[in-house]
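Please open the structure in your viewer and keep the selection panel at hand, as the stops below go from the whole assembly to single residues.

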Protein chains: 2
Amino acid sequence: VKEFSDLALRRGFIYPSCEIYGGVAGFYDYGPLGTLLKRNWENLWRTFFMGLDSNFFEIQTCDIMASSVFEASGHIKNFNDPLINCLKCGKRLRPDHLLEERGIQAEGLTLPELDSRIAEAKIDCPYCKGTLSQTRLFNMMFDVKIGASEGEIGYLRPETAQGAYVSFKRLFEVCRNQLPLGLAILGRAYRNEISPRQGFYRLRELNQAELQIFFDPETVGHHKDWDSVKDTRLKTFSVKDREHGEVEERTCEETGLPQFYAYHLAKIQEFYLDVLRVPKSHFRFRELSDEEKAFYNKVHWDVEVCVDSLGGFKELGGLHYRTDHDLKGHQAVSKESMEVNIEGKKFVPHVLELSFGIDRNFWAMMDLAYDVEKERTVMRFPDSIAPYRIAVFPLMKKDGLYEKAWDIYQQLRSKYVCDFDEKGSIGKRYRRHDEIGTPYCVTVDYQTLNDDTVTLRFRDSMEQVRVKGNEIQERVV
Amino acid sequence: VKEFSDLALRRGFIYPSCEIYGGVAGFYDYGPLGTLLKRNWENLWRTFFMGLDSNFFEIQTCDIMASSVFEASGHIKNFNDPLINCLKCGKRLRPDHLLEERGIQAEGLTLPELDSRIAEAKIDCPYCKGTLSQTRLFNMMFDVKIGASEGEIGYLRPETAQGAYVSFKRLFEVCRNQLPLGLAILGRAYRNEISPRQGFYRLRELNQAELQIFFDPETVGHHKDWDSVKDTRLKTFSVKDREHGEVEERTCEETGLPQFYAYHLAKIQEFYLDVLRVPKSHFRFRELSDEEKAFYNKVHWDVEVCVDSLGGFKELGGLHYRTDHDLKGHQAVSKESMEVNIEGKKFVPHVLELSFGIDRNFWAMMDLAYDVEKERTVMRFPDSIAPYRIAVFPLMKKDGLYEKAWDIYQQLRSKYVCDFDEKGSIGKRYRRHDEIGTPYCVTVDYQTLNDDTVTLRFRDSMEQVRVKGNEIQERVV
């Protein structure tokens with residue numbers, strides 16, 4: 001794991017934000033390669049999920065939102081973490097983490113229960129052995145004052161979802177009063193974690209890709225494209241399966257889930273297995289139990305991928321049947337009706353949410369691609385995810401090789417993200433591109449000047465073939 | 001103007017954020033069409049400016065940054081607006097705006113000067129006629145508390161630029177110690193305006209596209225591609241020209257500006273005239289006088305476009321020669337050396353900043369495209385900017401026309417952003433797409449079933465031609 005993080009840092013995939021000032025836990029920047037990889041993931045997500053229905057659209061809503069939004073959504077009341085502090089040194093700590101570090105179950109405990117478990121286990125401050133305070137709640141939203149000193153309070157959104165909910169009324173009209181309507185947001189969300197522990201997995205400033213699908217609840221049992229997925233075998237890990245610890249493969253039909261829900265499970269699996277090329281062994285859906293899931297989620301399965309560097313299967317996304325919880329909440333606080341009228345039938349739509357953490361997915365892509373061989377480190381990204389698709393090398397800077405290579409680079413650049421590398425031996429250049437996962441390298445040498453052929457070298461097999469300059473594109477599709 | 005804003009709202013280009021809660025001044029969301037248009041602009045910017053040098057890269061850095069960053073940059077001390085309040089009703093106002101509304105010059109005045117001008121003009125509260133307080137300064141950054149209650153203070157970045165400056169040291173190494181090095185950031189910035197007055201032009205949450213070019217100050221007089229631009233005629237409006245009120249055309253060479261600066265002026269002009277297709281009459285560079293420009297900007301020309309709905313030429317961007325102000329500032333506060341060592345020569349690089357407001361550019365694109373004819377409203381976007389490139393219509397839903405049209409839509413969708421529209425008469429569908437600027441419409445009718453031809457209709461000329469289904473792509477390039 002350490003080597004892999006070193007690579008991410010050394011090659012500028014990601015690095016701590018404000019590093020020269022010592023950084024702040026939970027904030028990372030994406031460097032040149034990280035930005036390319038992240039954008040590739042986002043474009044694949046966008047193309048795949050927006051393509052599911054011609055009434056699915058992407059929107060971009062503000063990060064700072066009015067406080068009423070989070071009154072309605074319940075975040076002001078409920079988006080809290082338990083907090084405890086040392087009465088001697090003042091350090092702020094998570095009581096549930098203190099318990100879990102000692103192997104004591106802390107999930108779902110009330111504040112008094114946390115206090116009594118802390119007392120029973122005789123836990124004191126890990127820094128100074130001081131006595132700990134009582135547990136209280138800490139709200140995880142960042143608040144901001146809008147306007148001059150006595151202005152309005154706003155919050156940085158803790159999830160992108162709310163931007164779609166508060167836009168629903170207008171966009172339902174703009175999109176001509178049709179359901180299902182899908183509103184996707186790819187963007188940042190902010191969570192003021194008390195002490196983020198898991199590096200890149202739990203960030204204070206994070207990126208999400210979320211799709212909110214508004215639909216008629218009476219049609220949840222149907223999906224127009226059901227036939228195309230009903231026999232798809234899903235890797236499911238239900239609450240019941242967990243008693244035996246075994247993942248089960250079930251067809252969409254066998255899950256017994258409503259069609260509208262199961263269809264989207266199938267599509268999510270297709271995205272991970274066929275588009276992102278996650279090995280089937282490393283993918284599963286995990287059903288959440290009633291204790292685990294939010295009260296407003298009628299059905300909730302997480303998308304989990306096995307990420308070795310994080311110790312096993314980790315949540316990278318989820319499919320949440322949020323019912324009318326959100327729209328009804330906004331209706332109550334804003335006094336604006338969220339009812340739609342479709343051919344005379346009036347109702348508040350239900351919401352199915354597809355939610356993905358972009359940073360976590362980015363990390364999983366890095367983890368799955370990472371491979372160390374005897375002679376080289378190689379990131380085995382699928383072509384569509386790799387930061388650079390092709391790297392172009394002139395064998396020498398002289399004798400017109402540079403200019404010839406530059407021409408080829410410019411041609412390829414109009415179609416693919418390419419790198420041009422003129423430094424060091426060709427062997428070193430191959431290694432440098434193996435390490436960042438470039439699937440194809442093109443070398444221009446003296447023979448090129450005679451017969452217009454170049455050496456095309458494949459990352460995974462390290463095979464090298466001679467092809468005509470104008471045939472490169474056909475070979476790298 | 002009103003109609004045009006109505007269109008933007010009605011068709012969902014943009015709309016006030018958190019509208020159901022009454023909205024908050026200075027916050028707008030991008031709807032489905034706005035998101036497409038904005039992304040097109042961003043992709044054009046990215047492709048054009050990242051293509052200028054193989055050592056230019058895009059990065060994505062955090063919105064929330066440590067307070068030390070803004071201590072070093074001078075924002076904590078200097079990023080202020082003057083604020084005055086009514087001693088009776090408490091309203092918060094901008095003293096400079098109060099003066100300017102009365103035709104009194106307020107730019108560059110000190111606080112005591114503002115107070116005395118206000119007193120001389122006998123200005124009282126425009127809301128309740130109450131007496132006004134003395135002027136004080138209000139910092140325009142949003143601050144956020146990171147971590148539990150006594151945690152660190154951070155700020156939402158007021159410009160993306162600082163993310164590149166604090167990353168410079170690491171990324172210079174990652175990018176193999178070469179200058180010039182370009183670091184671009186496309187992302188949000190936040191400015192807590194006291195009372196934003198100009199709708200979409202002055203936002204509290206805004207989007208910027210900025211490129212910071214780090215270079216050796218001794219080479220400012222040279223640019224490797226100088227020959228390609230030196231005869232380019234720039235539309236310049238210098239401080240001297242302003243005395244006569246006339247814009248002058250000058251070649252890059254005639255401007256007398258350093259090559260490294262003038263080269264980038266030429267490229268910016270090329271981007272506006274050739275890529276965004278802004279009419280030459282609507283474009284100019286405006287030199288800032290010593291009073292207008294920030295003290296650290298050695299040379300500063302704004303990019304101005306004539307935006308009728310905003311009353312004339314407006315700043316959409318700027319080219320700022322920021323010297324070593326930023327890196328030296330961060331060096332002093334962080335104690336990290338910002339010196340580079342290139343072949344034994346040690347120095348702190350200078351910075352040339354290309355800065356663009358994405359929202360302003362978006363608005364200008366809307367404004368320039370807007371056209372009202374007798375029978376229709378039409379947005380004359382260049383193809384590469386238009387939200388949809390092609391719309392596909394089945395004449396009827398029956399007789400296999402729908403399926404045929406859907407097939408064509410799916411084929412085109414793999415290459416272009418397309419819309420599929422089956423509702424209303426074909427004439428109405430044309431009008432609907434004229435209004436959002438779709439350059440090409442394809443109609444599938446009964447003849448299509450016989451000879452596989454469709455009607456291809458051009459937005460600007462309204463000309464209609466019959467072409468084979470598989471020839472559409474050639475005709476819309």
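Begin with both chains of this predicted model in view, and superpose them: a turn of 180° with a shift of 0.0 Å along the axis lays chain B on chain A with an RMSD of 0.1 Å. That is the relation of a two-fold axis. To find the axis from the side of chain B, select V144(B), whose C-alpha is the one in that chain nearest the axis, at 3.1 Å from it. Then colour the interface residues of each chain: 100% of those in chain B are also interface residues in chain A, so the copies meet through the same surface.

Next, select G130(A), which sits in the loop that runs between α6 (111-120) and β7 (136-139) of chain A. Is this glycine, G130(A), buried or exposed? With a relative accessible area of 5%, G130(A) is buried, because that value falls under the 20% cut-off. Show its surroundings and, leaving aside residues up to four places away in sequence, you will find G130(A) touching C86(A), K88(A), D124(A) and C125(A). Add L87(A) to the selection as well: G130(A) and L87(A) are 43 residues apart in sequence, yet their C-alpha atoms are 6.4 Å apart in space.

For the last stop, turn to the surface and select L395(A), M396(A), Y446(A) and L449(A), which make a nonpolar patch of about 310 Å². Within this group, L449(A) belongs to helix α16, residues 446-451 of chain A, and its relative accessibility of 41% makes L449(A) count as partly exposed.

Note on methods. Residues are numbered from 1 along each chain as its sequence is written. Chains are lettered from A and ligands numbered from 1 in the order in which they are written. This is a predicted model: local features need pLDDT of at least 70, side-chain atom pairs count only at pLDDT 80 or more; totals for chains, interfaces and linings use all residues. Side-chain values use heavy atoms; hydrogens and water are left out. Helices (H or I, at least four residues) and strands (E, at least two) are DSSP runs, numbered from the N terminus. Buried means under 20% relative accessible area, exposed over 50%, partly exposed in between (1.4 Å probe, protein chains only). Contact means heavy atoms within 4.5 Å. Patches are made of residues with over 30% relative accessible area and no salt bridge: like charges are joined within 9 Å, nonpolar side chains (Val, Leu, Ile, Met, Phe, Trp, Tyr) within 5 Å. Accessible areas come from the Shrake-Rupley method with a 1.4 Å probe; for residues, only the protein chains shown count as cover. A salt bridge is a side-chain nitrogen of Lys or Arg within 4 Å of a carboxyl oxygen of Asp or Glu. Copies are superposed by least squares on the C-alpha atoms of residues with pLDDT of at least 70 in both.
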